[in-house]
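Please open the structure in your viewer and keep the selection panel at hand. The tour below goes from one selection to the next and says what is found at each stop.

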Amino acid sequence: MNRAHPYMANSTPEAKQHMLKAIGVGSVDELFEQIPNQHITTRRFDLPVPLDSEVELRRHLNETLGKNQTCEENLSFLGGGVWQHHVPAICDEIWTRSEFLTSVWGTGSSDLGRNQAWFEYAGQLGELVGMDFVGLPVYSWGAAVGHSMRMAARMTGRNRILVPELMDPQRLDVARTYGGFPEQGGYLEIISVGYNPVDGRLDLADLSGKLDQRVAAVYFENPAYLGGIESGADEIARMARAAGAETIAGVDPTSLGVMAPPSQYGVDIAVGTTQPLGVHMNGGGGVGGFIATRDEERYAREYPTLQVSITDTIEEGERAFGLALFQQSSYGSREDGKDWTGNSVYLWAIANAAYMSVLGPTGFEELGRAILRRSSYAARLISSIPEITVRWPTGFFKEFVVGFDETGLSVSEVNRRLRSHGIFGGRDLSSDFPDLGQSALYCVTEVHSVSDIDRLAAALEEVTR
């Protein structure tokens, strides 16, 4: 190309030669000579011709985006990691204010408002999960699991983590990434614990058989990935404690208005997602994950995330907010930090704080009860449809498993037919959990009305005839 690429003004041949000369090499190939030849592709990439104008680019993007089918235009029952919850308008109004939206780092005085908002986020979330010490959010639930596993390993000096067999495969992949590889130092071995086929809960006999002096932590979820409420949570924590392991529980914060917080059943480290707390569904970026513990120094010293504290100033009656334990993060110590955190989803902490302050304790209880009523109604209605079953039809929150084996149809085919009714069906579980057959994970939240659920049931009955 003898001219600049339309999107890169400094991509002319003259500009490239000027940069190569400045660093003392004659060609781009020479610049990358350390890369082995077998690692360099020889095929040509069939890239589209670059568009020459902003008008053409805008039209192309609009046409491409116009192919999307959204959960606003369709009735969606997808969940499994990102959920459709109502986002109060005040959340968007607050986090899009310029002092939050454009603020990254400044001085102690210029960051006062942002630090206070972060402090409020930590305080509110801590009250919700029943823990006293909360770090600023990480990218996702999976990232929170990965960090908490490594925290437990550093605290115990052990390298084995027990996790549920029925765990979100994507969340597990993230956790395994944090665990590293056997060839590396600090490798964490992740071992799955089976489930009771009668109720889908963790198999305590299998857990007991796998708990030994090599286990750093037991991780479980309550509600579980497939929606089940872990009624034996306190026993899991007791068994882990008896083996000298930490207990890590993953929780959905929207359940905590109707379920006991993890602190009440002996959990040491609570993790989970903050996406349901005022964050719109999105892809390609962080959706928010939290880590919370008791306010004990042995836990605080292992956090990889930033913390916000409040303290008195030299002026009587005046207080200020600031970052604490900064030196143990990768921001403060780079590769010597407790863990790499990088950029996070601190903007979502502002949205989360706004959401939690709007709901309050009563609001969370109302939210939880609404979700329980509507999801239970949906499960009862769907289970009444001939040849469709609801596995584990009681003892769940928000999500439940629907089986289609008796219909003779695959989940993908059922979902394809539902699309013609303007409905996104449940998440296909058949490849991730083949033991469950042709099953899908359906999600019902406060945004689903009774008429929405009736419409789903009618459509399912029609497409499975």
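Two strands are said to pair if DSSP finds at least two bridges between them. With that in mind, and remembering throughout that this is a predicted model, begin with the sheet in which four strands are arranged in the order 11-12-15-14, an open sheet whose pairing is antiparallel. Its edges are strand 11, which spans 389-391, and strand 14, each of which pairs on one side only.

Select strand 11 together with strand 12, residues 399-403, and you will have two antiparallel strands joined by three bridges. Within this pair, look for Thr389, which stands opposite Gly403 of strand 12. Helix 14 packs on the sheet, where strand 14 and strand 15 are the strands that it touches, and the direction of the helix makes about 45° with that of strand 15.

Next, select helix 14 itself, residues 411-419, and colour Val411, Glu413, Val414, Asn415 and Leu418, which are buried. To see what these buried residues pack against, add strand 13 (423-424), strand 14 (427-428), strand 15 (439-443) and helix 15 (450-463) to the selection.

For a wider view, colour the chain by its domain assignment, which gives domain 1 as 13-59, domain 2 as 75-83 plus 362-464, and domain 3 as 89-355. The C-alpha centres of domain 1 and domain 2 are 49 Å apart.

Now move to helix 10, residues 233-242, in which Ala233, Ile236, Ala237, Met239 and Ala240 are buried. Because these residues cover an arc of only 165° around the axis, they are on the same side of helix 10. The face turned away from that buried side carries Arg241 and Ala242, which are exposed. Among the elements that cover the buried residues of helix 10 are helix 9 (204-210), strand 5 (215-221) and strand 6 (246-251). After helix 10 comes Gly244, where phi is positive, near 80°.

Finally, select Arg171, which has its place in helix 8, residues 169-179. Is Arg171 buried or exposed? Its relative accessibility is 5%, and because buried means under 20%, Arg171 counts as buried. Show its side chain together with that of Glu221, and you will find a polar contact of 2.9 Å joining the two. If the neighbours within four places in sequence are left aside, Arg171 is in contact with Gly81, Trp141, Gly142, Tyr219 and Glu221, so these are the residues to display around it as the tour ends.

Terms used
Residues are numbered from 1 along each chain as its sequence is written. This is a predicted model: local features need pLDDT of at least 70, side-chain atom pairs count only at pLDDT 80 or more; totals for chains, interfaces and linings use all residues. Side-chain values use heavy atoms; hydrogens and water are left out. Buried means under 20% relative accessible area, exposed over 50%, partly exposed in between (1.4 Å probe, protein chains only). A polar contact is a pair of N or O atoms within 3.5 Å; within protein, one must be able to donate a hydrogen and the other to accept it, and residues adjacent in sequence count only if both atoms are side-chain atoms. Contact means heavy atoms within 4.5 Å. Domain bounds come from an automatic or database domain assignment. Axes are lines fitted to C-alpha atoms, for helices over the stretch in contact, and angles run from 0 to 180 degrees between N-to-C directions. The arc is that of the directions from the helix axis to the C-beta atoms.
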